[in-house]
Each structure stands twice: as C-alpha cells, then as structure tokens.
Amino acid sequence: MHQSAIDNLINGIDAALRTVSGAVGQPDRPSPAQDSQATELTSEQKLKAARLMRINHCGEVCAQALYRGQALTAKNIGAVATLDQAAAEEADHLAWCQTRIKELDSHVSYLNPLWYAASFSIGAVTGLLGDKVNLGFVAATEEEVCKHLDRHLTLLPEEDHKSRQILTQMREDELRHKNNALTAGGANFPAPVKSLMHKVSSLMTKSTYWI
C-alpha cells in the first residue's frame, strides 16, 4: 500500500521514539543467549560487559537511524528492500543487547537520542547521493561493525557466554548485510572514506562506554 509523506513522517517519528526509549518490543528471532546457562560474574566483570554491550546497543540504535534515513531518500525499490531487511535484523540486535544490559544490571546510553538524530541525518544525506553510494555506505558501515565486534569478542570476560553468543550472531548478520549491499550494487568505498567512518565510530564507542 502506498503511503503518503505524512504517513512516512509519522512512522519515522514513532520508530525513533520507540528506538531511543527502549520500547522496541519482542524481536522476530529469539536471542542467541536464550538457552545459555548464566554464569556468575564478578562485579568488575559485569561492569565491563555491561559497558561493552551498551556500546553495541548504541551501535544498533545508530543502525536503525541510518537505515531509516537511507530508505527515506533512496530511489530504487530494490535498494529500499535491502535496507528494510537489514533494519529488521538490526532491530533484533537492538532487543538482544537491551535485554542483556538489563541482565547485567546496567542501563543503555543516555546519548542514544543524540546519536539517533545524527545517524538519521547522515543516512538521509547518503540516500540522496544515489543508490550505489547508499548501498556502499551500508557495506562500509557493516565492515566497520564487524571489526568492532571482533574487538569486543576479545575484550568480553571469558565467563560471559551470553554476551559472547549475542555478539557472535550479530557479527554473522552484519557480514551478510555487507555482502548483500555489495551484491545489490553498492560501491566499494576507498580507504580514506572508511578511515573517516572509523573515526566517527570511535567517537561513539568512547562516549557511550561511560555515558
């Protein structure tokens, strides 16, 4: 069914409010850690794991905003479908991370609204540059996320099997999103652009680790 600009605006505002408020609902897929037996963590281990998972949760908030911004301005139906599919799986990641953070007796980042707004704006501008750039941005973003998840898998306390299972599944999904975007015609961004994206990502991770 065709939706008007007003419908899209309302849906976008609703999605933004649900994402930053934590009212994401039930994920389509159960958490990979659902059947994992909880292990006892020290207070220091819980704090470290919670901070790392807070970064990953914020990353998923940014992903939702990016994809919604990109889909809003994308011209090609196929590109929009690729973005929507990735966003649906990222919503699962968002819910999984949020649940794990609660289990670790911590909170999501207070900076989520700021990062959502910034990411949505970047996504909308990227979408205006054409579908090749739009999908290429997805691929480059997911490549950076995979590297980031690899780092976190080495930093997590060994005893935190639940968080590790979640991040492992997330990495598998992110790699598939990257490959899907490239297959759909996305550009392979040059190293300087990827370096800039890495610097922006580092700013997010360093701030949300503490706040």
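I211 sits in the segment that follows helix 7 (191-210); helices here are DSSP runs of H or I with at least four residues, strands are E runs of at least two, and both are numbered from the N terminus. With a relative accessibility of 39%, I211 counts as partly exposed. That label covers the range between buried (under 20% relative accessible area) and exposed (over 50%), using a 1.4 Å probe and protein chains only.

This is a predicted model, where local features need pLDDT of at least 70 and side-chain atom pairs count only at pLDDT 80 or more, while totals for chains, interfaces and linings use all residues. Residues are numbered from 1 along each chain as its sequence is written, and side-chain values use heavy atoms, with hydrogens and water left out.

I211 also joins Y110 and W210 in a nonpolar surface patch of about 400 Å². Patch members have over 30% relative accessible area and no salt bridge; like charges are joined within 9 Å, and nonpolar side chains (Val, Leu, Ile, Met, Phe, Trp, Tyr) within 5 Å. A salt bridge means a side-chain nitrogen of Lys or Arg within 4 Å of a carboxyl oxygen of Asp or Glu. Areas come from the Shrake-Rupley method with a 1.4 Å probe, and for residues only the protein chains shown count as cover.

Now for the whole protein. It has seven helices and zero strands. Some overall values:

| Item | Value |
|---|---|
| Residues counted as buried, of 211 residues | 44% |
| Exposed area of the protein | about 10900 Å² |
| Share of that area from carbon and sulfur atoms | 60% |

Contacts mean heavy atoms within 4.5 Å. Of the contacts with a separation of 6 or more, 86% are between residues 24 or more positions apart.

Helix 4 (residues 112-128) has 17 residues, so at 1.5 Å a residue it should span 24 Å, and its end C-alpha atoms are indeed 24 Å apart. The expected span is 1.5 Å times one less than the number of residues. Buried in helix 4 are N112, W115, Y116, S119, G123, A124, T126 and G127. Down the helix axis, these buried residues fall within an arc of 165 degrees, so they line one face of helix 4. The arc is taken from the directions from the axis to the C-beta atoms. L114, V125 and L128 are exposed on the other side. Just after helix 4, G130 has a positive phi of about 110 degrees.

Finally, A87 belongs to helix 3 (residues 77-103) and counts as buried at 11% relative accessibility. Leaving out residues up to four places away in sequence, A87 touches Q64 and Y67.
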